[in-house]
Amino acid sequence: MTSFDAIVIGGGHNGLVAAAVLAKSGRKVLVLEAATDIGGAARTEEFAPGFRVSSVAHVLNRLHPDVVKTLELERHGLEIARGDFVPSVALSRDGPPLVLHGAYGEALTGASSSEQTAWKELSAQLLRYAGILKPFLSRRPPDLSAMSLLETAALGQTALALKKLGKEDMRDFLRVLLMNVADLLDEQLTDDRLKGLLAFDATLGGHLGPRSPTSLLGLYYRLAGEIGGAAGAQALPKGGMGAVVTAIRAAAEKAGVTIRAASPVAKIIVEKGRAVGVALDNGEVLHAKAIVSAINPATTVLDLVGPREVDTGFVRKVKNIRMKGNAAKLNLALDRPPQFVGVDAAGHKGRLVIAPSPDHVERAFNPCKYGEFSPEPVMEITLPSLADPSLAPAGACVLSAVVQYAPYALKEGWGASKPKFLKAIMAQLEAYAPGISKTVLHSELLTPTDIEARYRMPGGHWHHGELQADQMLMSRPVSGWSGYDTPVEGLFLAGAGSHPGGGVSGRPGLNAARRIIAMRG
Amino acid sequence: MKAWDAIVIGGGHNGLVNACYLQRAGLDVLVVEKNDWVGGAATSRELTPGFLYSNCSYVCSLFRPEIMRDLELPRFGLQVISYEGGAVFTRDGDYLANYRDHDAHRREFARFSKRDAEAYDRYARDVTRQCRFIQPLLMRTAPDPTSFRPRDLGELLYLGKKFAGLSAEEMALTLRFWTMSISDFLDEYFETDVIKANFALSGIIGTALGPMSPGTAYVLLHHYMGEVDGSVGAWGYARGGMGAVTKALAASFKASGGTIRTGAEVDHVLVSRGKAKGVALAGGEDIYGKLVVSNADVKRTFLKLVEEKELPDIFLRRVRNFKIRGSSGKVNIALDSLPEFPALPKDSPAYRGDMHFTDSMERMERAYDDWKAGRWSADPFLDMVIPTTLDPTMAPPGKHFMSCFVQYAPPKIAGADWTDADRDGFAESVISQIAEYSPGFRDRIVHMEVRTPREIEAEVGLTEGNIFQGELTFDQLLFNRPVPGYAQYRSPLSGLYMCGSSTHPGGGVMGAPGRNAAAEILRDLAKSTSHMSPAHDVI
Amino acid sequence: MAKATRKKPAVTEIDAPADARTAAQSHFRTLRLGTPFQPRIDALARTDDWYNWAGYRAPHSLWDEELEYFAIRSQAALFDISPMTKYRIEGSDAEAFLNRVTLRDVAKLKPGRVHYTAWCDDAGFVLDDGTLFRLSPTRFRLCSQERHLPWLLDSAIGSEVTVEEETEAVGGLALQGPTSFAVLVDAGFAGVDKLKIFDLAEFPHDGGTVTISRTGFTGDLGYELFVPAEKALSLWDRLMIAGELRGIRAIGYTALNRARLEAGLIVANADFTTAEHAIRTDRLRMPDEIGLGFMIDLEKGHFNGRRAILEARTKRKLRHVLVGLEIEGNIPAEHAIVYYKKSQEVGLVSAAMWSPMAKRNIALASLKRPFGDTMVEDLWVEIYAMRELQYQKLMKRAKVVQRPFIKLDRRTANPPADF
């Protein structure tokens with residue numbers, strides 16, 4: 001029987017990052033992935049003959065620079081240059097689109113000059129405020145029960161950064177922190193297309209509408225991310241998101257990590273309150289000093305550890321994590337590239353967003369509160385094969401879209417409703433890219449229930465838990481256990497369900513690995 | 001020409017509380033009120049012969065007992081009669097009642113879910129813990145977090161210490177309480193929809209949010225702060241209607257030598273060289289005062305009563321950005337007999353409390369969706385009380401006054417002003433809902449007053465008809481209320497103060513803003529505040 | 001009327017649930033429920049001295065609280081324990097479930113046995129104490145002061161077990177005192193002599209069964225009987241008739257409370273505050289802080305609070321200790337403050353009395369460690385004795401002593417003596 005220093009459950013990007021960092025510290029690390037391929041929801045998959053697409057995450061906008069640096073991802077094949085930044089295009093039905101260029105709208109075109117000025121001011125302000133919160137991404141959340149000197153100092157730094165803003169700016173920061181995004185946009189902007197785009201970005205992947213208090217935090221989370229050294233920038237990785245995973249995998253393997261795919265874990269073995277190993281579905285038992293779960297926290301605790309090995313209050317908290325996804329993924333194989341009205345060639349290579357106004361996004365949100373899908377969904381669309389022809393047969397095109405709102409717990413059930421929802425989506429696409437329906441060779445719509453089944457994400461939620469104020473920082477994944485440790489000694493959480501949350505950032509994995517190293521686990 | 005020591009604009013309850021405290025500190029105080037009566041939103045008016053209407057505010061629970069004592073309100077006639085129960089009617093002909101008796105309460109819940117019945121204690125414990133944390137803050141001036149003044153630092157330290165005094169679990173709960181939706185919060189305790197709806201209503205009353213909006217858990221706390229160590233969220237009627245509160249305040253004020261002028265609408269605040277000098281009445285008369293205190297909401301005060309040029313841009317911008325959204329209306333009804341609700345036993349104490357028809361979270365949230373879309377709720381949320389079941393002074397013998405607080409009613413209908421036809425449609429949505437549960441209800445109606453945000457704004461002067469003079473969301477609480485930098489009852493103009501619900505700690509007939517403003521004014525005047533009781537201890 | 005008669009069959013069908021609903025709604029008219037034994041108790045209630053026990057009308061005393069106490073110690077006392085919260089726990093995982101919920105090792109509790117136990121939240125704070133009856137390998141009854149259904153149901157997640165609250169459906173009686181065994185024998189409960197302390201068995205009664213256990217809350221020889229509500233009155237009568245010559249007396253809580261104090265037993269929300277009711281978090285108590293440390297079994301598998309309890313023990317984070325005190329003189333020190341060297345406040349008395357059995361002035365007190373733990377010398381209590389509208393303040397020396405304050409051989413004697 002082989003024994004490891006650490007076994008990482010789940011070969012998604014966070015699991016791989018955690019494994020690589022642990023291996024670099026001299027530990028003998030094994031990664032166990034249930035699926036036949038690693039990468040989790042950040043794979044590149046063939047969904048129709050000759051058509052490949054990023055499975056769920058399709059825009060790279062927050063891979064953390066520490067991760068890139070620590071794992072030397074650039075040496076392992078990851079390339080993101082400033083020139084790769086793609087624009088965001090806010091589509092409009094009744095006129096030309098509005099485009100944010102560069103890193104989150106360094107330049108804005110298609111808007112009035114007064115709106116451009118207003119945007120310049122607002123974007124600077126948002127980035128400034130997001131910058132205050134940014135350092136929190138790379139730290140363990142503060143421990144409320146025992147503030148260490150280090151943590152107090154870290155919070156002190158935040159206070160200092162706040163003071164540096166200047167009095168009035170700090171006051172505004174404190175006022176808007178938990179505000180809803182729609183109100184803030186209404187205060188400063190007038191163009192519905194721009195407001196719609198920002199409202200969409202703030203609520204993407206969450207169970208919030210732009211009028212829901214605290215929804216602005218979603219935008220901060222987005223803007224606290226960076227790529228290629230530019231905050232808020234975005235890129236479509238060559239080869240799809242799978243290419244990012246490939247680079248991380250290469251780094252992990254270089255560091256000596258053993259990766260076993262097709263090895264689903266059935267159970268985490270706990271003896272006297274301590275995790276000592278895992279049992280696989282096939283009955284094989286593997287031991288390790290530290291068990292690192294980079295999969296969903298609820299799955300980890302309720303299915304793998306089992307409720308009886310932890311306290312009832314903890315089980316309660318875990319069960320109370322809200323993680324019902326609202327985002328669906330649409331992959332279309334098109335026989336030719338679509339033409340979105342009024343969008344130029346560069347725009348088509350970017351991120352195209354259908355979210356005509358905050359009110360529209362809010363209206364799209366309403367039904368999902370009651371288990372119904374949006375009749376006029378909002379979405380972000382990419383055409384990755386335009387920049388990377390390897391993803392589609394010659395002359396053909398891949399369309400990848402994240403569509404909201406598609407509640408996981410649909411009252412009518414997704415079985416019968418999926419075709420109806422697809423029809424609603426296609427009607428939207430058709431309105432912005434007339435004729436697109438006729439070019440569809442194959443379509444694949446992944447509802448949250450599909451995402452749940454295929455990527456083992458409970459609720460089909462890519463953050464593994466709503467990323468809302470009450471489930472952030474010291475409340476993520478649950479209060480009392482937010483620092484990657486668990487009540488089971490030797491068991492750590494390293495997935496998106498932990499602070500700071502989801503998106504292809506690698507940050508939870510990196511933070512967790514550092515915690516384990518600090519604890520000599 | 002006479003210069004008053006202080007002129008208070010608006011004779012609402014906070015204006016009167018403020019005036020009382022200033023007068024009792026030895027100042028010569030004048031209250032100017034545009035209506036022919038005082039009371040603001042806390043009035044009793046005889047709108048049809050023999051019937052007294054609590055036509056805006058209709059229940060008393062939040063009023064600070066310290067203020068009642070300081071201003072001797074019981075001596076001046078204030079009597080509060082407690083609710084004896086309450087109920088939510090369910091669509092299947094049953095109801096969920098709230099009883100004051102702990103065990104009856106539990107048994108009632110157990111009719112729907114044994115689990116929920118036994119979950120109540122933990123819920124009450126957690127809510128009580130949070131109220132105990134927040135209640136002492138009500139009677140304190142919020143610190144300015146950007147300031148290095150010793151007082152602000154001291155107050156910040158107080159907050160920090162209070163927070164640090166919590167257990168880790170409580171801290172986590174506090175953080176979540178401020179950011180969660182009441183719906184998500186209740187999901188963690190209860191499984192039954194009607195039981196959740198029964199609690200959730202306190203999370204939405206007076207606010208332009210639905211029960212599924214983050215932040216509504218805090219709104220629930222705001223309503224539960226009435227009396228912490230008594231039963232959580234105790235409510236009651238003022239005998240003689242809510243006007244009895246302001247009547248007692250006015251009597252107390254006059255008894256201490258104060259002066260009230262009704263029918264005196266302020267056109268603008270007189271300002272000279274950045275200092276408030278008095279007020280100009282709509283009739284053209286100027287009244288001079290050494291300082292001016294505005295009971296009006298922050299938008300009315302600074303966007304209507306003060307000229308733009310007198311105020312700094314950043315302040316004006318923040319005032320304009322202050323969210324003050326009408327979300328409710330009222331339908332006040334005089335009845336020739338007590339309505340019957342066949343679902344409810346005739347001897348049920350619920351008749352002597354608050355009754356509701358919204359029995360699910362979805363119905364409550366859908367009512368809010370209508371508001372967002374700029375229309376009144378087709379299936380509204382009602383907080384319905386019949387105070388005459390406990391207070392016979394409000395109607396002729398055998399007859400009754402019913403007050404229906406209605407949500408949601410937007411300040412504008414699809415972007416346009418309310419019309420009379422809109423108002424009638426709004427009223428009909430209310431009456432038809434009641435009639436659904438009370439056959440023959442329409443025939444009992446003697447007189448009805450319908451108040452949409454339009455009427456509330458026109459009569460009471462509350463911008464957009466918002467009963468709290470501003471939303472109770474985190475961006476507008478504590479040091480953010482009403483606007484950052486001016487959360488201490490002062491304004492950019494020297495000698496001009498605010499004392500309405502736009503200021504900390506916010507709305508409800510609580511009196512705390514008026515009292516706290518008086519404390520700040522007296523501090524500026526270097527006068528004693530020994531006549532002001534400190535907040536009662538929470539031990 | 002005629003119409004109604006014609007439609008009768010249909011009406012009955014439709015109205016049956018409506019009638020049931022009306023009946024269920026009507027509880028608000030009776031705020032204090034009667035127990036299944038209430039008609040008999042009401043008939044005996046000469047003092048009409050009631051209190052609210054978990055929503056039930058329960059007697060403080062029935063006829064003479066002094067004599068009711070002596071009925072426990074010299075005769076046989078019958079006390080209605082029906083208001084106690086009762087849960088039926090059943091299923092193949094019931095043992096494992098209870099092992100995870102409660103402190104003691106349930107695997108060691110054989111069918112036909114009872115043990116006193118307690119349960120904690122994640123932080124190791126006591127949610128309640130109570131008695132666990134193992135009725136069969138897979139069937140248990142848990143009796144407690146407070147209600148815990150959400151906690152028990154959430155603890156059952158992932159286990160094959162059902163938890164059902166059965167407080168109203170099951171009546172309970174405590175029959176305590178030296179002649180209690182004889183009363184049961186005279187009442188015809190054949191085989192009751194085989195019950196050793198903490199044994200239980202089912203006996204036929206009135207066409208059904210009654211569960212009798214040799215348990216109690218008095219430190220005396222005694223039994224507890226659980227019976228379906230509908231057989232309650234016949235059980236009461238059976239015992240009262242059989243006990244007439246054995247001096248059986250119905251009693252109220254005041255008498256029982258004295259007996260339990262002599263036995264050194266604690267009462268939830270009297271001697272400590274249960275975790276789900278503590279508004280002030282410094283009132284929370286771990287088992288080691290209220291004398292229940294003996295229940296903790298760290299060798300069995302995981303149980304709620306284990307981690308926190310272990311940590312508190314190893315990191316010496318235990319802050320309180322519950323002790324028995326013997327106080328000089330005979331003035332009860334109820335709710336007296338405990339001092340070290342007559343000046344430093346170190347704790348509070350939660351229950352106190354002059355013990356007629358032990359002839360000692362006894363008390364239970366919660367002290368701040370190390371007092372009562374390693375520092376037991378020079379402790380004092382300040383008694384405020386209200387006498388004719390004046391406090392007479394007394395500073396009396398208190399000595400930490402073993403509990404129980406009385407130890408009666410008859411409690412455990414086998415077979416019990418036939419008094």
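Buried residues make up 48% of the 419 residues in chain C, so let us begin our walk there, keeping in mind that we are looking at a predicted model.

How does the overall size of chain C compare with that of a compact globule? A compact globule of 419 residues would have a radius of gyration near 22 Å, and chain C has 23 Å, so the two agree. Along its principal axes, the C-alpha atoms of chain C fill a box of roughly 85 × 55 × 45 Å. Inside that box you can find 10 helices and 19 strands. If you take the contacts in chain C with a separation of 6 or more, 68% of them are between residues 24 or more positions apart.

Records can help us divide chain C into regions. An unreviewed UniProt entry gives the annotation "domain: GCVT N-terminal" to residues 66-300 of chain C. Over this stretch the chain is 23% helix and 29% strand, and its end C-alpha atoms are 45 Å apart. UniProt, again in an unreviewed entry, lists residues 322-407 of chain C as "domain: Aminomethyltransferase C-terminal". Here the chain is 0% helix and 58% strand, with 19 Å between the end C-alpha atoms.

Now let us look at some single elements of chain C. Helix α4 of chain C spans residues 65-74, and its buried residues are Glu68(C), Tyr69(C), Ala71(C), Ile72(C) and Arg73(C). What do these buried residues pack against? Their partners in chain C are the strands β2 (56-61), β3 (76-80), β9 (170-176) and β13 (248-250), together with the helix α9 (253-262).

Further along, strand β17 of chain C (residues 360-368) is mostly covered, with 8 of its 9 residues buried. Which strands does β17(C) pair with? One is β14 of chain C (residues 320-327), which runs antiparallel to β17(C) and is joined to it by 7 bridges. In this pairing, Gly324(C) has Leu364(C) as its bridge partner. Another is β16 of chain C (residues 344-355), which pairs with β17(C) in the antiparallel sense over 8 bridges. There, Met353(C) has Ile362(C) as its bridge partner. β16(C) and β17(C) also form a hairpin, with 4 residues between them. Try finding Lys359(C) in that turn: its phi is positive, at about 55°.

Let us move to chain A, where another strand is worth a visit. Strand β16 of chain A covers residues 378-382, and 5 of its 5 residues are buried. Are the faces of β16(A) covered or open? Both are covered: Val378(A), Glu380(A) and Thr382(A) are buried on one side, and Met379(A) and Ile381(A) are buried on the other. β16(A) pairs in the antiparallel sense with β15 of chain A (residues 351-354) over 4 bridges, and in this pair Arg351(A) has Thr382(A) as its bridge partner. β16(A) also pairs in the antiparallel sense with β17 of chain A (residues 397-404), over 5 bridges. In that pairing Val378(A) stands opposite Gln404(A).

Chain A also offers a mostly covered helix: α10 of chain A, residues 297-305, has 7 of its 9 residues buried. Among them are Pro297(A), Ala298(A), Val301(A) and Leu304(A). The buried residues of α10(A) pack against β11 (265-271), β13 (285-293), α11 (312-320) and β19 (491-493) of chain A. Just after α10(A) comes Gly306(A), whose phi is positive, near 95°.

Finally, let us see where the chains meet. Between chains A and B, 31 residues of chain A are in contact with 30 residues of chain B. On the chain A side, α5 (167-176) and α6 (181-188) each supply at least two residues, and α5(A) gives the largest share, 8 residues. This side divides into 10 nonpolar, 9 polar and 12 charged residues.

The contact between chains C and B takes 17 residues from chain C and 23 residues from chain B. The elements of chain C that give two or more residues to it are α2 (8-25) and α6 (149-155). The residues on the chain C side divide into 7 nonpolar, 6 polar and 4 charged.

How confident is the prediction for chain B? Its average pLDDT is 94, and 98% of its residues score at least 70. Over residues 228-233 of chain B, however, pLDDT stays under 50. Where pLDDT is low, the predicted coordinates should not be read in detail.

Technical notes: Residues are numbered from 1 along each chain as its sequence is written. Chains are lettered from A and ligands numbered from 1 in the order in which they are written. This is a predicted model: local features need pLDDT of at least 70, side-chain atom pairs count only at pLDDT 80 or more; totals for chains, interfaces and linings use all residues. pLDDT is the predictor's confidence in each residue, from 0 to 100. Two residues are in contact if their C-beta atoms, placed from the backbone, lie within 7 Å. Ala, Val, Leu, Ile, Met, Phe, Trp, Tyr, Cys and Pro count as nonpolar, Asp, Glu, Lys and Arg as charged, and the others, Gly among them, as polar. A residue is buried if 20 or more other C-beta atoms lie within 10 Å of its own, exposed if 12 or fewer, and partly exposed in between; C-beta atoms are placed from the backbone. Two strands pair if DSSP finds at least two bridges between them. The radius of gyration is taken over C-alpha atoms; the globule rule is 2.2 Å times the number of residues to the power 0.38. UniProt positions are given in the numbering used here, feature names are shortened, and annotations may be inferred rather than shown by experiment.
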